[in-house]
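Q: Please take a close look at one part of this model, its aromatic rings, and describe how they are arranged and what surrounds them.

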Amino acid sequence: DPEMLELMKMEIAEAEEKIPVLEEELKIALLPKDPNDEKNIILEVRAGAGGDEAGLFAMELAEAYKNFAHNEGFGVEMTSESCKIPFVLSTFASIEILCKKICISGYKEVIFEVKGEGAYSRFKYESGVHRVQRIPATEKNGRVHTSTVTVAVMPEAEDVEIEIREEDLEIMACRASGAGGQHVNKTNSAIRVVHIPTGLAVECQDQRSQLQNKVKAISVLKARLFAMEEAKKAAEEGAARLAQVGSGDRSEKIRTYNYPQDRITDHRIGANFSNIPVVMSGDLGDIFDALAIADQTMKLEEASKGVE
């Protein structure tokens, strides 16, 4: 039947067009999976060089991450925040004084958890130095200032992966700093945990009790120790640089946010993105997707060389 023959030819042509796409999808599906991809993460943002500008950008970047996480359906839970200059506004509600802390000069450091399946796979390329170039609000001569912020993204470590001996910990209770309400500054609820063998120290004060803050602090400590082990393994295995970004290596600049030119440049993949205000509102998907694709491409090339 001529009509049936023509129909078969069309179906064959359509199927042949799909072959290259399916082959690429199959290659990606066969790539080794990162065992941490589905884990929750602990995300740390710290002000680097640049004074108040660094603190303000640390606060803006942290808010962008939180907004993106919420938009993606992840849960966000604060662990600790340290402001450069806290400012307190007090209002009255019944007979209680409700205090709200505002970081007028941004963060020195903020740590929070992002919870949900695949959290690490989305955020893992963010570890490193983020550079911002812009004119500060206090700059009278219109000069562009350069500041830096460091980011660490760590997969949440499970007890079976990282074991911490009680005798290796030094745990101290102290009064929380900054403004806060009934519990902050009135009880010794803040906790500082020091891991004696490595010297790593973690403070947590955002929870209402010592026990809650202790659990949070130890969770962060485990994540840092786990990240150190992962970074050591990656270095020993000679993994690709882009794939190592999620290990917590913050030694070099990964991205520049140039406000006067409305351009964000990711230096690892040589890609530029525009519309900084939208990106900083939490619309980070295009950047994250570009990094994931670049990482997959790099791994495919490495796999092809191995086959050859």
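**Aromatic rings and a buried aspartate**

A: Leaving aside neighbours within four places in sequence, Asp-266 is in contact with Ile-254, Arg-255, Ala-271 and Leu-291, and this residue of strand S12 (residues 263-266) makes a useful starting point before the rings themselves. In this predicted model, Asp-266 counts as buried because its relative accessibility is 0%. The side chain of Asp-266 makes polar contacts with two arginine side chains, that of Arg-255 at 3.1 Å and that of Arg-268 at 2.7 Å.

Turning to the rings, the structure holds six aromatic pairs. In one of them, the ring centres of Phe-123 and Phe-288 are 5.6 Å apart and the planes stand at 70 degrees, so the pair is edge-to-face. Because Phe-123 belongs to helix H3 (residues 119-123) and Phe-288 to helix H7 (residues 285-307), the pair ties together parts that are 165 residues apart in sequence. Phe-123 is buried, with a relative accessible area of 0%, and Phe-288 is likewise buried, at 2%. Both belong to one aromatic cluster, together with Tyr-65, Phe-68 and Phe-74.

Charged side chains also meet rings: Lys-66 lies over the face of Phe-112, at 5.5 Å from the ring centre, while the charged end of Arg-134 sits over the ring of Tyr-259, 5.0 Å from its centre.

As for confidence, the mean pLDDT of the chain is 78, and 76% of its residues reach 70 or more, whereas pLDDT stays under 50 over residues 88-100 and over residues 178-186.

Terms used:
Residues numbered from 1 in each chain as written. Predicted model: local features only at pLDDT ≥ 70, side-chain atom pairs only at ≥ 80, totals over all residues. Heavy atoms only, no water. Helix = DSSP H or I, 4+ residues; strand = E, 2+ residues; numbered from the N terminus. Buried < 20%, exposed > 50% of the residue type's maximum accessible area, 1.4 Å probe, protein only. Polar contact = N/O pair within 3.5 Å; in protein donor to acceptor, adjacent residues only side chain to side chain. Contact = heavy atoms within 4.5 Å. pLDDT = per-residue confidence, 0-100. Phe/Tyr/Trp six-rings, centres within 6.5 Å; stacked < 30°, edge-to-face > 60°. Lys NZ or Arg CZ within 6 Å of the ring centre and 35° of its normal.
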